[in-house]
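Work through the exercises below with the structure open. Each task is followed by a stepwise solution.

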Amino acid sequence: MKAFFRNYIKESLASAFFVVCFVCSFLSCSNDYCKEPMDTSMEVLFATRRDTSGVSLQSLKVTDRKRNLLLLEDTLSCSSVRLPLAAFDTISEFRMDFYRSGVPYSKVLVVKHKNTEEFVSAECGCRITSKIDTVYMNNAYHGDSIVVRNKFVLGRFDERNVKIYWNFD
Amino acid sequence: MKEMSRYIGILISAVLWLLPFSDIYAAKGDKKDSRKGVDTTSFYYTEPKSVYGFYVDVDLVDPLRSVFSSNRSGFNVSAGLDINHTFMPAVEVGFADIDASEDYSYAVVEVPQSHVYRVSGTYFKVGADFNLLNKKPYRTISPMGYLGFRYVISPYKYEVKDYVVVDAFRGDGKRFSAEGDVLAQWGEVVAGLKTPVFRYLCVGLELHYKTFLHCQKKESFVDDARRIVKQSYAPGFGDFNDGVWGFRYTISYFFHL
């Protein structure tokens, strides 16, 4: 009889453990939300030869040159910008109008890229990621230069795809 | 659905609480492993041997889910060989059909009502369990509290239909549909209890921790555009995001050899 109760208590504890786990697994919350970055814009940093760590541009306005579509208008100064590459085209052209030390500038940034349509998950749906082939400015001043630091545009935070070194001097 | 799940949980919990009163404990002479005190007239009596028999288990969770949810159906059966009441090599096979499109609730873009993400296929598991409870060599069948592992492979079909890829800044969009076959593999750590309730009829509960998931990405070219389909579900695994823990509630029969 004593052994029976000892067995009973031992097995009860084991059962209780599993019942708790079992009920918890039933009641646990499901994570039906999207964890992947879905906004896959190209990050462009601004610098000069003198100040390679970064410079700010004032009143930056970015327009899709092919469609004459305003993409961004920032009245504050900024040292980087995220530009959405064309999802269904392999060439994106951005006209960038801005001020630097009170002087207006207008530049056209051309990006050649390859796109990938991606089904991410049931929760996230689809997104477009890109791989940068070539970047150039078709009206660059002498001395402007561009560095492609990361050719994969996957929408991750702090991706730092392209860095433009302006020649304002 | 969640309410229903809760009731099922409570019901099964209640059954589990009754396990200690099961048939095996009612038998006389099972307190000692030594020959002395063994009831040789017991239904469960046997001479010690290396292979006692094998279990065939049927999982009740998947069929129950199928009853309460139209989005998924499936079944799962397994077999395990009882060696010395200690070591149990096991194989498992299952099928699942999951319509995961209902989970599309936090999408960045609107999608047509007709959108579908469905996975369907079989999965195969091989592995072994190790019984941690007292072994009773003079019994044909012994309650088991075990730890084990599984290697799982699942070849399955997927269908993605009428999702939308958009260029939100320019207002462009097009529909995205794809289907094909992929292969998923993963490992599982298993912990479980199994006990006879009447003769060789047993009930059991297993918890699975799934890990080392690897699933193929499917790549193709459609109209010169590169296209990748990542999977977020697999039969036997469920949702990759929150399917890490799984469980089986089994009814099994022990075939004594």
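## Exercise 1: an acidic residue without a salt bridge

The side chains of Asp82(B) and His85(B) are joined by a polar contact of 2.8 Å. The model is a predicted one.

Task: place Asp82(B) in its strand, decide whether it is buried, and list its contacts beyond the neighbours within four places in sequence.

Solution.

Step 1. Find the element. Asp82(B) sits in strand E2 of chain B, residues 72-83.

Step 2. Check burial and charge pairing. Asp82(B) is buried but has no salt bridge. The nearest side chain of opposite charge belongs to Lys194(B), 8.7 Å away. A salt bridge needs a side-chain nitrogen of Lys or Arg within 4 Å of a carboxyl oxygen of Asp or Glu.

Step 3. List the surroundings. Leaving aside neighbours within four places in sequence, Asp82(B) is in contact with Ser50(B), Val51(B), Tyr52(B), Gly53(B), Phe54(B) and Tyr55(B). The list also includes Phe87(B), Met88(B), Met144(B) and Phe254(B).

## Exercise 2: salt bridges between the chains

Task: describe the salt bridge of Asp172(B) with Arg67(A) and that of Glu118(A) with Lys230(B).

Solution.

Step 1. Recall the principle. Side chains of opposite charge can pair when their charged atoms come close.

Step 2. Take the Asp172(B) pair. Asp172(B) forms a salt bridge with Arg67(A), with the closest N and O atoms 2.5 Å apart. This pair crosses between chains. Asp172(B) is in strand E6 of chain B, and Arg67(A) is in the loop between strands E2 (58-64) and E3 (69-74) of chain A.

Step 3. Classify both ends. Asp172(B) counts as partly exposed because its relative accessibility is 21%. Arg67(A) is also partly exposed, at 45%.

Step 4. Take the Glu118(A) pair. The closest N and O atoms of Glu118(A) and Lys230(B) are 3.1 Å apart in their salt bridge. This pair, too, crosses between chains. Glu118(A) lies in strand E6 of chain A, residues 103-121. Lys230(B) lies in the loop between strands E9 (225-229) and E10 (233-234) of chain B. Both residues are buried.

Step 5. Set the pairs in context. The whole structure has 26 salt bridges over all chains.

## Exercise 3: a salt bridge within chain B

Task: which elements hold Arg118(B) and Asp99(B), and how many residues apart in sequence are the parts they tie together?

Solution.

Step 1. Read the distance. The salt bridge between Arg118(B) and Asp99(B) has its closest N and O atoms 3.8 Å apart.

Step 2. Locate the ends. Arg118(B) is in strand E4 (residues 116-131) and Asp99(B) in strand E3 (residues 87-99) of chain B, so the pair ties together parts 19 residues apart in sequence.

Step 3. Compare burial. Arg118(B) is partly exposed, with a relative accessible area of 30%. Asp99(B) counts as buried because its relative accessibility is 18%.

Step 4. Turn to the network. Salt bridges that share partners link Asp57(B), Glu92(B), Lys125(B), Asp129(B), Arg150(B), Glu188(B), Lys194(B), Glu206(B) and Arg248(B) into one network.

## Exercise 4: the nonpolar patch

Task: which residues make the nonpolar surface patch of about 800 Å², and which strand supplies the largest share?

Solution.

Step 1. List the members. The patch is made by Phe54(B), Val56(B), Leu81(B), Val197(B), Phe198(B), Leu201(B), Ile251(B), Tyr253(B), Phe255(B) and Leu257(B).

Step 2. Assign strands. In chain B, E1 (51-59), E6 (172-198) and E12 (245-256) each supply at least two patch residues. The largest share, three residues, comes from E12(B).

Step 3. Inspect one member. Phe255(B) is in strand E12 of chain B. Its relative accessibility is 38%, so Phe255(B) counts as partly exposed.

Step 4. Set the chain as background. Chain B exposes about 12300 Å², and carbon and sulfur atoms supply 61% of that area.

## Exercise 5: far in sequence

Task: is Tyr138(B) buried or exposed, and how many residues separate Tyr138(B) and Pro48(B) in sequence?

Solution.

Step 1. Place and classify the residue. Tyr138(B) is in the loop between E4 and strand E5 (144-167) of chain B. Tyr138(B) counts as buried because its relative accessibility is 16%.

Step 2. Give both separations. Tyr138(B) and Pro48(B) are 90 residues apart in sequence and 5.4 Å apart in space, C-alpha to C-alpha.

Step 3. Widen to the chain. Among chain B contacts between residues at least 6 apart in sequence, 68% join residues at least 24 apart.

Methods: Residues are numbered from 1 along each chain as its sequence is written. Chains are lettered from A and ligands numbered from 1 in the order in which they are written. This is a predicted model: local features need pLDDT of at least 70, side-chain atom pairs count only at pLDDT 80 or more; totals for chains, interfaces and linings use all residues. Side-chain values use heavy atoms; hydrogens and water are left out. Patches are made of residues with over 30% relative accessible area and no salt bridge: like charges are joined within 9 Å, nonpolar side chains (Val, Leu, Ile, Met, Phe, Trp, Tyr) within 5 Å. Accessible areas come from the Shrake-Rupley method with a 1.4 Å probe; for residues, only the protein chains shown count as cover. Helices (H or I, at least four residues) and strands (E, at least two) are DSSP runs, numbered from the N terminus. Buried means under 20% relative accessible area, exposed over 50%, partly exposed in between (1.4 Å probe, protein chains only). Lys and Arg count as positive and Asp and Glu as negative; His and the chain ends are not counted. A polar contact is a pair of N or O atoms within 3.5 Å; within protein, one must be able to donate a hydrogen and the other to accept it, and residues adjacent in sequence count only if both atoms are side-chain atoms. Contact means heavy atoms within 4.5 Å.
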